[in-house]
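Here's a friendly walk through one structure, a few spots at a time. Have a look at it first, then read on.

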Amino acid sequence: MATFLVYKPDDKTETIKLEKETVTLGRREDNDIIFDDVFVSRMHARVEKKGNKYIITDCESRYGTFVNGDKISETELSYGDEIQLGNTIITFVDEKTLDHIPERKTPTHRIGAAINLAEKIASVKERILRGDTRELVLQSLSALESGCTLYQEKLDEAEKSKEIASTLCEVGKIINFVFDLNVLLNLFMDLALKIMRAQRGFIMLYDEGSNDLTIKVARNMGGRLEPTKTTGISHTIAWRTFEKGDAITTEDATKDDRFKTQESVISYAIGSVISVPLISKEKGKIGVIYLDNPVAQKKFDEYDIEFMKSFANQAAIAIENAQLYEKIKEEEKIRARLERFFSPTVVEKIMAEEKALALGGENRVATILFCDIRGYTSLTEKIDTLVSVEILNDFLSSMTEEVFIHEGTLDKYIGDCVMAIFGAPVAHPDDPLRAIKAALGMKKRVYELKDQWRGKMNIPEIERFDIGIGIHTGEVIAGNIGNIKRMEYTVVSTAVNLASRLESTATPGQILISSVTHDLTKDCITVKKLPPVILKNISKPIEVYEVIGLNV
């Protein structure tokens, strides 16, 4: 079977059997044999089997196809022939001869050194020394001039290829080390303008809220543009690019039937345009990179288009990473804020539902608990300020932990008072009982705290330190109150006021609950019924129960 021996830059040789009737060779990924060589065209050459013959055809490649040193358009291959595509050398062999693999050879026509200027100079010198006619000397000089021009073109192309490779390498580094989205977008804009030598450039990202592309970076060669003033961009081209998910180009927008009637094209004399989509693996289409030049300036070619497609692919990965990083950082901030008020379990449930973080409220039934220190003011008058702050911090921390154990929500601290909610934002069937269990746990923790303080402080007033607790269940409006930058989750209703009044009525060590809460938990708790009480701003006397403990 016919076989290609492809000589790699790392001095290794790849063996490829020609198993198909037609084999395509080139840089593009849909070729049968793909070459990582910037001097190989996207579709460079084709090899067809016709009977027992193998015919190689050049597909109008930029740098040509060479067989045994001769540039060909089409020719029959013989075993042992050397094929050169760009700077890649291939030997055409029969698989029976694979045990005699030829040594790798240097490309006969290395791109960038294809024009032997030394020979042309020598030819001119020889004609002059021979005394050839002026016409013959001029012919040699003309050939030399053409050679120099072509040589310079090849050098320019090689330099541009080197710059492109360097840029893509730089993009690779950016992907791994830059996570600030604004910095990232500006770096990409600078790199694109530098390589493409475009007059203007814009990076736009898709905004789901407005269902439109929003300009994030706007640049005029040599300076920034204010995104709010960039009316000169062709939004039509950019939006079509985004919708299609494919590059849109034009050599002269002022003569292109698709765009020549646009106001921006006319006003800014927009000539050559490249607009490529930013497509990420996770989100799909996320935006567009748009570059343009005025009519009289440089036109973009197919190599510019190919570069921008590769550039945009890498840029999309970096942008997606940066957006994900920003999202994670924002979630960390939100989580840190939520953990001050909610138990870890509740935080997870809230984070799983984005709507839980939105402004607004909802009607629901919740149980509200107020816990306040008795005698704290008189205590602080007799002890050092720092000691009193330490006592308060110990108290608030312990009470909060007890609320979280029973998956309640810390609504707020009101001086030395703790307000907690059971049933919002996450509800449980037994929220009233959870509130009572938390209250009993708070009482126990106060005893434990007093034991700790006795061991550290010689303060007789500690013995009078105690708490009063009030609990009520009722309808509330629960939600995030405030604004998007500074919002607070809380509940609002007369039920909150009633729970607060019960706490004010409680004597040191008492846990008072309303009849509503009692009816919902009576099978699980031991209580002592107290005489109805008149509470401030409550018109009717309220039935009250003191919680003694849980039914075992």
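Is Phe465 buried or exposed? Its relative accessible area is 2%, so Phe465 is buried. Bear in mind as you read that this is a predicted model.

## An aromatic pair

There are 10 aromatic pairs in the structure. In one of them, the ring centres of Phe395 and Phe465 sit 5.8 Å apart with the planes at 75°, so this pair is edge-to-face. The two residues come from distant parts of the chain, 70 residues apart: Phe395 belongs to helix α9 (residues 385–405), while Phe465 is in the loop between α10 (431–456) and β21 (466–482). Phe395 is buried too, because its relative accessibility is 0% and buried means under 20%.

Elsewhere, Phe4, Tyr54, Tyr79 and Phe92 come together as one aromatic cluster.

## Helix α9 from end to end

Let's stay with the helix that holds Phe395. With 21 residues at 1.5 Å a residue, α9 should span 30 Å, and its end C-alpha atoms are indeed 30 Å apart, so the two values agree. At the N-terminal end, Asp384 acts as a cap: one of its side-chain oxygens is 2.9 Å from the backbone nitrogen of Leu386. Just past the helix, Glu407 has a positive phi of about 60°.

Which residues of α9 are buried? Besides Phe395, they include Ile391, Leu392, Leu396, Met399, Val403 and Phe404. Polar side chains turn up in the list as well, among them Ser388, Ser398, Thr400 and Glu402.

## Strand β17 and its partners

Now for a strand. Of the 11 residues in β17 (residues 284–294), eight are buried, so the strand is largely enclosed by the rest of the structure.

Which strands does β17 pair with? Among them is β16 (residues 270–280), which runs antiparallel to β17 over nine bridges. A hairpin of three residues connects β16 to β17, and Leu278 has Gly287 of β17 as its bridge partner. Another antiparallel partner is β12 (residues 200–207), joined to β17 over six bridges. In that pairing, Met204 stands opposite Val288.

## A charge over a ring

One last stop: Lys285 lies over the face of Phe242, 5.4 Å from the ring centre. Lys285 falls within the residue range of β17, 284–294, so this contact takes us back to the strand we just visited.

How values were computed:
Residues numbered from 1 in each chain as written. Predicted model: local features only at pLDDT ≥ 70, side-chain atom pairs only at ≥ 80, totals over all residues. Heavy atoms only, no water. Buried < 20%, exposed > 50% of the residue type's maximum accessible area, 1.4 Å probe, protein only. Helix = DSSP H or I, 4+ residues; strand = E, 2+ residues; numbered from the N terminus. Pairing = 2+ DSSP bridges. Phe/Tyr/Trp six-rings, centres within 6.5 Å; stacked < 30°, edge-to-face > 60°. Lys NZ or Arg CZ within 6 Å of the ring centre and 35° of its normal. Expected span 1.5 Å × (residues − 1). Polar contact = N/O pair within 3.5 Å; in protein donor to acceptor, adjacent residues only side chain to side chain.
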